[in-house]
Structures are given as structure tokens and as C-alpha cells.
Amino acid sequence: MPRTHDITGLVLAGGRGSRMGGVDKGLQGFRGRPLALHTLLRLQPQVGRVMINANRNLPDYAAFGAPVWPDGLAGYAGPLAGFLVGLEHCQTPWLLTVPCDTPLFPADLAPRLAAAAAAQGADIAMAAAPEPEPDGGTRLRPQPVFCLLRASLLESLQRFTQEGGRQVGRWTAQHPCAIVAFDQPGDDPLAFRNANTLAELHTLQGLAAP
């Protein structure tokens with residue numbers, strides 16, 4: 001099973017922030033800290049080392065104390081561009097990706113994904129979280145940007161993106177992938193609630209326990 005020091009954590013903060021009016025999402029405040037810094041500090045105890053993927057305001061991100069890598073693919077190519085640059089710079093057997101806009105992600109994300117990858121012999125472990133349905137029930141929905149990836153997948157992802165592929169799910173479907181449900185007793189129902197707009201960010205800050 002991958003241990004803490006076998007995993008590099010990558011905070012994905014390279015998006016356009018278009019639904020936030022074009023602001024740099026990772027630098028917006030949450031509980032008195034920039035979102036990306038809050039995410040980084042939550043991730044750090046779970047992994048051996050950390051990195052940030054960002055495409056703007058690089059000195060601001062560098063001030064958080066972790067290496068910062070911009071996309072190698074042009075035109076804000078989405079999360080896979082972050083996956084790619086993360087794998088290119090990963091010096092451990094595994095890479096764990098988390099987005100900067102979901103600040104309450106589980107504090108045990110890494111060990112649970114690692115355990116599932118080991119148990120199933122998978123190259124990828126992806127989180128899944130309950131989502132409300134219109135009929136009042138819930139369904140488990142994969143969270144494709146919360147991924148534990150074998151570093152050896154770099155060549156596969158290089159080929160996929162060189163051929164124009166940009167969808168996380170289409171690429172992960174090419175490899176053995178463990179889906180890990182975060183719906184157990186004690187799991188925070190807000191853990192995978194993300195903030196796409198400033199209003200959603202303010203709402204999430206109000207809902208979150210201090």
C-alpha cells in the first residue's frame with residue numbers, strides 16, 4: 001500500500017476562474033487564508049511532499065512555500081493539464097491531485113485512496129461522494145479531480161493530451177481505476193462541496209464548522 005512518503009500532493013489552481021468573474025480562484029479568501037493555501041495546508045499532512053499548479057500570479061503562489069508549476073499545455077486546457085505537469089515533476093511513485101476550490105475535502109483522503117488502489121491493484125483511485133437526487137435520494141458521483149495516480153502513467157497521459165484529449169474521465173477509463181465512496185458514518189457531507197462562484201464560496205464559508 002502506498003505510504004505517506006510515497007505520495008506527492010498537487011493543488012490544482014490553474015483554472016480561468018471564469019465563473020468567479022475571471023478572478024484567480026485560488027487566491028480568494030476562505031477562513032482568513034487564500035483558498036489554495038487552505039487546501040495546501042489540509043493536504044500537507046497526508047502526503048510526503050506538495051506542489052501547486054497555477055497559471056497566474058505565480059509569485060503569490062510561490063509564497064506559500066511549495067514548488068509552483070504552470071501548465072505545459074496552451075490555453076487553460078483544464079485539470080488534465082495540471083495532472084500532466086504534476087506527473088512530469090513527481091518524484092514519488094504516486095501523485096494525489098486536489099482542486100483548490102473544495103477546501104473541506106477529507107483529512108483522510110490520501111490513505112483511503114491509497115488503501116483502495118492497493119486492495120484492487122489499480123493504477124488510479126478516484127473519490128466518489130453522495131449527491132442529492134430530485135426524488136430526495138442520493139447517488140454516488142465520481143469526483144475526477146480527486147485522483148491518486150501512479151507516476152508511471154505519465155507516458156499514457158502525454159499520448160492522450162497530444163492527441164487532443166482533455167476529459168479526465170475519458171483518460172482514467174483507459175486504466176484500472178478504484179472508485180472510493182466517501183459516504184461512511186462520520187464523513188462530512190460538505191467535504192466535496194466546491195465553490196465555483198464567489199457567492200458559493202461565501203455560502204460554503206458560512207456552512208462550514210470553524
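These are my notebook entries on the fold and the nonpolar cores of one chain.

**Entry 1: the model.** I worked from a predicted model, where local features need pLDDT of at least 70, side-chain atom pairs count only at pLDDT 80 or more, and totals for chains, interfaces and linings use all residues. Residues are numbered from 1 along each chain as its sequence is written, and side-chain values use heavy atoms, with hydrogens and water left out.

**Entry 2: overall form.** I looked up the secondary structure and found seven helices and nine strands; helices (H or I, at least four residues) and strands (E, at least two) are DSSP runs numbered from the N terminus. The radius of gyration of the chain is 16 Å, close to the 17 Å of the globule rule for 210 residues, so the chain is as compact as a globular protein of that length. This radius is taken over C-alpha atoms, and the rule is 2.2 Å times the number of residues to the power 0.38. I noted that buried residues (under 20% relative accessible area, 1.4 Å probe, protein chains only) make up 49% of the 210 residues.

**Entry 3: the cores.** I then examined the largest nonpolar core, a set of buried Ala, Val, Leu, Ile, Met, Phe, Trp, Tyr and Cys residues joined through side-chain atoms within 4.5 Å. This core has 37 residues, and Ile-52, Leu-96, Leu-109, Leu-113 and Leu-148 have the most contacts inside it. Among the elements that each supply at least two residues are strand 1 (7-13) and helix 1 (35-43). Helix 4 gives the most, with six residues. I also recorded a second, separate core of 22 residues, which includes Leu-73, Leu-87, Met-126 and Leu-149.

Definitions and conventions: Buried < 20%, exposed > 50% of the residue type's maximum accessible area, 1.4 Å probe, protein only.
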